[in-house]
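Reader: Could you walk me through a few local features of this one? I would enjoy seeing the reasoning behind each answer.

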Amino acid sequence: MVKQDIYVNEEDEVQKKKNQRGSTFNGLTANEWTINSKSVWSDIKAPKKTDFYDNGEIIPLDLCDKIISIYSKEEDVILDPFMGLGNVIVSGIKSNRYCFGFEINKKYYEKAERNISSSLNLLVNGSYEIQNGDALELIDNVKDDSVQLVLTSPSYPFGVSFEEKDFSLMNEFAYEKNMEDLLFKIHKKVSPGGYCVFVVKDYRDIKNERPYVDFHSQISSIGKKAGFLLQDITIFDLNDQRGLILLGYPSRFYSNINHCYIIIFRKEK
């Protein structure tokens, strides 16, 4: 009788989880939903040094997995307009999503191709389409209201040009204008109730006498201007994984910026 009660309870629990998964937009159970709701994430490994590229922050594969599992479900469409090395695409394929990826830099596009191809030896669930070119132009080919999740980490405005199409080569004025144009287009492509997630890091521009540039605030402002709701900002904490550098000694004290901001926008239904 005791064994029978145990089996009944187990069956009830399985059915309960099945019902919960079927009632949510992302397929998470109530317990999984709660566990993922922390405002600071410190349980994800930092990117390897070999994974960095010249002008941007690579989203670690484990972080891609977590964000994709929270803000989308299987067979949803995912877009990364600043593909970099392709981790978002790899994670999306692994979790049975359909993925679009754009990368204007030929060198990084080819690295992403190799990264995705090598991963396909193990991952056969989802499908994808990647293109080498300007995200502002390529996104016009994506169907309106079709993307459940945009997940990306953009280049930073470290350039000096107003006319370049590569965001990493633009000056700040051109960068802000073009990012605004892109986010307006992204807003059209995201489905009602869908999400747009940017992973960014603030930085220092000591050379130009700007000790702290709050890049995440700039992106947040542009996203809201494009029509998105700013739903959340989660901290990706890397303090226990990265070493400390002596900064400003002995005249000015600076803290080490060992965290990223995960900016979560949502499109109203």
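Reader: Happy to start with Glu137: is Glu137 buried, partly exposed or exposed?
Author: Keep in mind that this is a predicted model. Glu137 sits in helix 6, which spans residues 135-138. Its relative accessibility is 44%, and the class in between runs from 20% to 50%. Glu137 therefore counts as partly exposed.

Reader: Thanks! Which residue's side chain does the side chain of Glu137 join in a polar contact?
Author: A polar contact needs a pair of N or O atoms within 3.5 Å. For Glu137 the contact is 2.8 Å, and its partner is Lys165.

Reader: And how far apart are the C-alpha atoms of Glu137 and His216?
Author: Along the chain, Glu137 and His216 are 79 residues apart. In space, the separation of their C-alpha atoms is 24 Å.

Reader: Let's move to a loop: is Thr29 buried or exposed?
Author: Thr29 belongs to the loop between helix 1 (2-23) and helix 2 (30-35). Leaving out residues up to four places away in sequence, Thr29 touches Lys17, Gln20 and Arg21. Its relative accessible area is 5%, and the cut-off is under 20%, so Thr29 is buried.

Reader: Finally, how are helix 4 and helix 5 oriented to each other?
Author: The axes of helix 4 (residues 87-94) and helix 5 (residues 106-119) come within 9 Å and cross at roughly 20°. Angles under 35 degrees fall in one class, so helix 4 and helix 5 are roughly parallel.

Reader: Lovely. Which residues of helix 4 and helix 5 make the contact?
Author: By class, this contact has four nonpolar, three polar and no charged residues. Helix 4 contributes Asn87, Ile89, Val90 and Ile93, and helix 5 contributes Asn115, Ile116 and Ser119.

Technical notes: Residues numbered from 1 in each chain as written. Predicted model: local features only at pLDDT ≥ 70, side-chain atom pairs only at ≥ 80, totals over all residues. Heavy atoms only, no water. Helix = DSSP H or I, 4+ residues; strand = E, 2+ residues; numbered from the N terminus. Buried < 20%, exposed > 50% of the residue type's maximum accessible area, 1.4 Å probe, protein only. Contact = heavy atoms within 4.5 Å. Axes fitted to C-alpha atoms, helices over the stretch in contact; angles between N-to-C directions. Parallel < 35°, antiparallel > 145°, perpendicular 65-115°, else oblique. Nonpolar A, V, L, I, M, F, W, Y, C, P; charged D, E, K, R; others polar. Polar contact = N/O pair within 3.5 Å; in protein donor to acceptor, adjacent residues only side chain to side chain.
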